[in-house]
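Subject: Structure handover

Hello,

Here is the structure I said I would pass on. My notes on what was found in it follow below.

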Amino acid sequence: MNRLDGSVVLIAGAASGIGAAIARRCVAEGASVVCADQELAAAQALADGLGAAAAACHCDVTDAASACGAVGIARQRFGRLDGLVHNAAAPSTNANVVDLDEHSWRRELDVSLTGAFLMSKFAVPLIAAGGGGSVVFIGSQFGRVATSRAVAYCAAKAGLIHLAKAMAVDHAPDKVRVNSLSPGAVATARLLRRFPDYEAANAGLGPAHLLGRIAEPDEIAAAAAFLLSSDASFVTGSDMLVDGGYATR
Ligand SMILES: NC(=O)c1ccc[n+]([C@@H]2O[C@H](COP(=O)([O-])OP(=O)(O)OC[C@H]3O[C@@H](n4cnc5c(N)ncnc54)[C@H](O)[C@@H]3O)[C@@H](O)[C@H]2O)c1
């Protein structure tokens, strides 16, 4: 499929896991990508592996100048921007509201929510200037249903879902569609480090999903590519659950 032929997608938090899978999928579907991440070496290695269709840059999504700079790379290198994926998230905290320290709370909201705001602030005008496009925020099923000892994560991801809706209202006249994509548990290093191995993660978390297993990053990337593409031309303001049925019961 070449649904993204000729388009340019900026992925914030592209260096690993789901973000890297989205970058690979976008290039496989014909897009050029900017792999932006605070981990420049890993983002650069990813871009090098993807060839001329990919560029990498250092980006801290919590910093306005850095977010603006990543959008500037898209303009300089590829001359346009059609899609933004905000995928970055801080390491998860494992705390209830009483235990959670203020710094961790602020960090989690800063990367997920303020990062989405800053990336969008600079990306949306360039996307609109090119005639429109698509913004995708990577949320979580925990933005829809709550879980224990994840107050900052749940609040940040719920905020992302509604930020996407509010932006969809504002930018529909610019033909900029804005959606969130909420995965269930996905087999990335971020998740697997909490378990001895993949089998333990799948056995521990899989049964909470109707499909009885955790997801692969490519399954989330496929959904992101759909939202970025013209196949989703009538989809805006939605939260797309890609959670194997986790939030259904
Ligand atoms: N893995 C899962 O089970 C799962 C489930 C639901 C939602 N998600 C969401 O999917 C997204 C990706 O998760 P993942 O598992 O691939 O995790 P990951 O940690 O591999 O990816 C996050 C990326 O964001 C980058 N990042 C962090 N802070 C940043 C900052 N300030 N500026 C720029 N980049 C920054 C990291 O360097 C990393 O490359 C996250 O938003 C996560 O909340 C993951």
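The buried residues of helix α8 are P217, I220, A221, A223, A224, A225, L227 and L228. They pack against five strands and one helix of the predicted model: β1 (8-12), β4 (83-86), β5 (133-138), β6 (176-183) and β7 (239-242), together with α1 (17-28). Helix α8 itself covers residues 217-228, which makes 12 residues. From its first C-alpha to its last it reaches 16 Å, close to the 16 Å expected at 1.5 Å a residue.

Helix α1 can be read alongside it. α1 also has 12 residues, and its end-to-end reach of 17 Å is close to the expected 16 Å. Buried in α1 are I18, G19, A20, A21, I22, A23 and C26. These buried residues pack against β1, β2, β4 and β5, and also against the helices α2 and α8. Just after α1 comes G30, with a positive phi of about 100°.

The sheet

The strands named so far belong to an open sheet of 7 strands, in the order β3-β2-β1-β4-β5-β6-β7, with parallel pairing. At its edges are β3 (54-58) and β7, each of which pairs on one side only. Neighbouring strands are turned by 20° against each other on average, if direction is ignored.

At the β3 end, β2 (residues 32-37) pairs with β3 in the parallel sense over 5 bridges. One residue to look up there is V34, whose bridge partner in β3 is A55. Helix α2 (residues 40-50) packs on the sheet and touches β2 and β3; its direction makes about 175° with that of β3. Helix α3 (residues 64-78) packs on the sheet too, touching β1, β2 and β3. For α3, the angle with the direction of β3 is about 155°.

Further along the order, β4 and β5 run parallel and are joined by 4 bridges. V85 has V136 as its bridge partner in β5. How many of the residues of β5 are buried? The count is 6 of 6, so the strand is mostly covered, with buried meaning under 20% relative accessible area. Both faces of β5 are covered. One side carries G133, V135 and F137, the other S134, V136 and I138, and all are buried.

Single residues

S120 lies in helix α4 (residues 102-129). Is S120 buried or exposed? Its relative accessibility is 4%, so it counts as buried. Leaving out residues up to four places away in sequence, S120 touches L84, P125, V135, F137 and M167. Two of these contacts, V135 and F137, are on one side of β5.

Two residues that are not glycines have a positive phi. R149 has a phi of about 50° although it is not a glycine. R149 is found in the loop between β5 and α5 (151-171). Its relative accessibility is 35%, so R149 counts as partly exposed. K175 is not a glycine either, and its positive phi is about 60°. K175 sits in the loop between α5 and β6. At 59% relative accessibility, K175 counts as exposed.

The whole protein

The protein has 8 helices and 7 strands. Its radius of gyration is 17 Å, close to the 18 Å that the globule rule gives for 249 residues, so it is as compact as a globular protein of that length. Taken along the principal axes, the C-alpha atoms fill a box of roughly 45 × 35 × 35 Å.

Of the 249 residues, 51% count as buried. The accessible surface comes to about 10700 Å², and 56% of it belongs to carbon and sulfur atoms. Among the contacts with a separation of 6 or more, 70% are between residues 24 or more positions apart.

If you want a place to start when you open the model, S120 in α4 and the strand β5, with both faces covered, can be viewed together through the contacts of S120 with V135 and F137.

Regards

Notes
Residues are numbered from 1 along each chain as its sequence is written. This is a predicted model: local features need pLDDT of at least 70, side-chain atom pairs count only at pLDDT 80 or more; totals for chains, interfaces and linings use all residues. Side-chain values use heavy atoms; hydrogens and water are left out. The expected span of a helix is 1.5 Å times one less than its number of residues. Buried means under 20% relative accessible area, exposed over 50%, partly exposed in between (1.4 Å probe, protein chains only). Contact means heavy atoms within 4.5 Å. Two strands pair if DSSP finds at least two bridges between them. Axes are lines fitted to C-alpha atoms, for helices over the stretch in contact, and angles run from 0 to 180 degrees between N-to-C directions. The radius of gyration is taken over C-alpha atoms; the globule rule is 2.2 Å times the number of residues to the power 0.38. Accessible areas come from the Shrake-Rupley method with a 1.4 Å probe; for residues, only the protein chains shown count as cover.
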